[in-house]
Amino acid sequence: MGSGSGSATVSGSAVPSAGPETTSAAGLPATDPDGDPAQERLRRWRLVLGGEAADGTGCVLSGRDAAMDGALTSLYGRRDGKGQAGRERSAGLGGSAPAVARWLGDIRTYFPSSVVQVMQRDAIDRLGLSTLLLEPEMLEAVEADVHLVGTLLSLNKAMPETTKETARAVVRRVVEDLEKRLATRTRATLTGALDRSARINRPRHHDIDWNRTIAANLKHYLPEYRTIVPERLVGYGRASQSVKKEVILCIDQSGSMAASVVYASVFGAVLASMRSINTRLVVFDTAVVDLTDQLDDPVDVLFGTQLGGGTDINRALAYCQSQITRPAETVVVLISDLYEGGIRNEMLKRVAAMKASGVQFVTLLALSDEGAPAYDREHAAALAALGAPAFACTPDLFPEVMAAAIEKRPLPIPETA
């Protein structure tokens, strides 16, 4: 790909092209509906191809188009600047903090936040700009998102004191946005699941669980009337304010799980705010840390994690198992890519033992919008054989997954899993 915009692909993420609207999704100048369609087509191809010598468009950019193309060239341009085919692309930002700050301001001007976030991630990954995030001025200039939070958490130990307060403010802004988006639906979904999980045998009419009532009375089927005469009604109870369920979130904090750690911390705080759910949050690498006492503030939880390092799932599950007092009312959620550095057979035995005792065990390969990362397929298959299928879960699906686990019904596993 050349440096440019249009419908180009930037490091695997599509940069939207200009449409016929007044302003395009990528912030391109408005397309004149009365203009020359052929010239407009050349303009778009020029933005896609990046103005290399052989792009063949003959189109010259000016104004906002040229400025936007320059911002992309700084990140995705070629090292030698000659645009020769086959040469490796690199950036022109250098290591100058002022230059990067100006560039960050430019891309926020020319692109919507979703594209800005992609370009920021590419700048961090391709150019090694992580160290610049240790400067407060940089943090104030970036577009905050879940991935940036993950990067900041990985830099936590190296972060100078002068930067930590700014970093916490950035993380808190992202966390609060996530809570606003996820909290209401999560509480509503799980409150309904808790109500339905409390079964009673003398329900009011509107509380009758007809599926379970029919299943319990099949022996009373009258063929001549083609109907069932129920002798026992099964109904939904109403969950009281006392603790009904125990939930243990067990989170792998290896580097590849950064986004999952962020989302899980937010969901942990939401669950902890519900009186009828007793929530425990455990993070692990080769060591195990219980962060339950910090669940009232997910920012504290996040800064209590340390992304990276090895993985000992067996040790983490051993700790979680030791915290279970009511197996039949407990849901354990393991969030991990399943690359086990501990004792594999012991890990599987622990999962089997927990399920045999009545624990609802959920395995999530990721809790993010990006889908499943690289993961250990052999371990995933072994867990599936134990009745704990492993799948990636989006934040929007997570409340439904938890509701199904609470009600002890099949999990809503995505078709792509």
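Is Arg275 buried or exposed? At 64% relative accessibility, Arg275 counts as exposed. The legends below walk through close-up views of a predicted model, and Arg275 gets a view of its own further down.

**Figure 1. The whole protein comes before the close-ups, with its 14 helices and 12 strands.** There are 417 residues here, and buried ones make up 48% of them. Take the contacts between residues at least 6 apart in sequence: 70% of those join residues at least 24 apart.

**Figure 2. This view looks into the largest pocket, which holds about 560 Å³ of space.** Its lining is made of 31 residues, and the ones nearest the centre are Arg121, Asp125, His147, Leu148 and Thr151. Which helices should you look for around it? Those giving two or more residues to the lining are α3 (97-110), α4 (113-127), α6 (146-154) and α9 (258-272). Sorted by class, the lining residues come out as 17 nonpolar, 10 polar and 4 charged.

**Figure 3. Here is the second largest pocket, with about 330 Å³ of space.** It is lined by 16 residues, and Gln117, Asp145, Val146, His147 and Tyr263 sit closest to its centre. Two or more lining residues come from each of α4, α6 and α7 (161-197). The largest share is that of α7, at 5 residues. By class, this lining splits into 6 nonpolar, 3 polar and 7 charged residues. If His147 sounds familiar, that's fair: His147 is also among the residues nearest the centre of the largest pocket.

**Figure 4. Helix α6 is mostly covered, with 7 of its 9 residues buried.** Which ones are they? Val146, Leu148, Val149, Gly150, Thr151, Leu152 and Leu153 are the buried residues of α6. Some of these names come up in other views too. Leu148 and Thr151 are among the residues nearest the centre of the largest pocket, while Val146 is one of those closest to the centre of the second largest.

**Figure 5. The largest nonpolar core brings together 80 residues.** Good places to start are Phe111, Met119, Leu152, Val333 and Phe398, which touch the most other members. Helix α7 gives the most to this core, at 10 residues. There is also a second, separate core of 25 residues, with Phe284, Cys320, Leu383 and Ala388 among them. As a bit of background, nonpolar side chains in soluble globular proteins tend to be buried together.

**Figure 6. Thr363 is a residue of strand β11 (residues 360-367).** How covered is Thr363? Its relative accessible area is 0%, so Thr363 is buried. Leaving aside residues up to four places away in sequence, Thr363 touches Leu334, Leu338, Leu383, Ala388, Pro389, Ala390 and Phe391. Two of those partners, Leu383 and Ala388, belong to the second core.

**Figure 7. Cys320 and Cys250 appear together, but no bond links them.** Why not? Cys250 has the cysteine sulfur closest to that of Cys320, but the two are 3.7 Å apart, which is too far for a bond. For context, a disulfide is a covalent bond between the sulfur atoms of two cysteines. The structure as a whole holds 0 disulfides. Cys320 counts as buried because its relative accessibility is 0%. Cys393, another cysteine to find, is also buried, with a relative accessible area of 0%.

**Figure 8. Arg275, from the opening question, lies in the loop between α9 and β8 (277-284).** Why does Arg275 count as exposed? Its relative accessibility is 64%, and the cut-off for exposed is over 50%. Look for Lys244 in this view as well. Arg275 and Lys244 are 31 residues apart along the chain, with 8.8 Å between their C-alpha atoms.

**Figure 9. Arg226 and Lys408 are shown for their backbone angles, with phi near 50° for Arg226 and near 60° for Lys408.** Both values are positive, in residues other than glycine. Most residues other than glycine have a negative phi. Where do you find these two? Arg226 lies in the loop between β4 (221-222) and β5 (227-228), and Lys408 is in the segment after α14 (398-407). As for cover, Arg226 counts as exposed, at 71% relative accessibility, whereas Lys408 is partly exposed, with a relative accessible area of 43%.

Conventions:
Residues numbered from 1 in each chain as written. Heavy atoms only, no water. 1 Å grid on protein atoms, 1.4 Å probe; cavity = no way out; pocket = protein on both sides within 12 Å on 5 of 7 lines; lining within 4 Å. Points joined across faces, edges and corners; volume = space filled by probe spheres on them. Helix = DSSP H or I, 4+ residues; strand = E, 2+ residues; numbered from the N terminus. Nonpolar A, V, L, I, M, F, W, Y, C, P; charged D, E, K, R; others polar. Buried < 20%, exposed > 50% of the residue type's maximum accessible area, 1.4 Å probe, protein only. Contact = heavy atoms within 4.5 Å. Core = buried A, V, L, I, M, F, W, Y, C linked by side-chain atoms within 4.5 Å. Disulfide = S-S within 2.5 Å.
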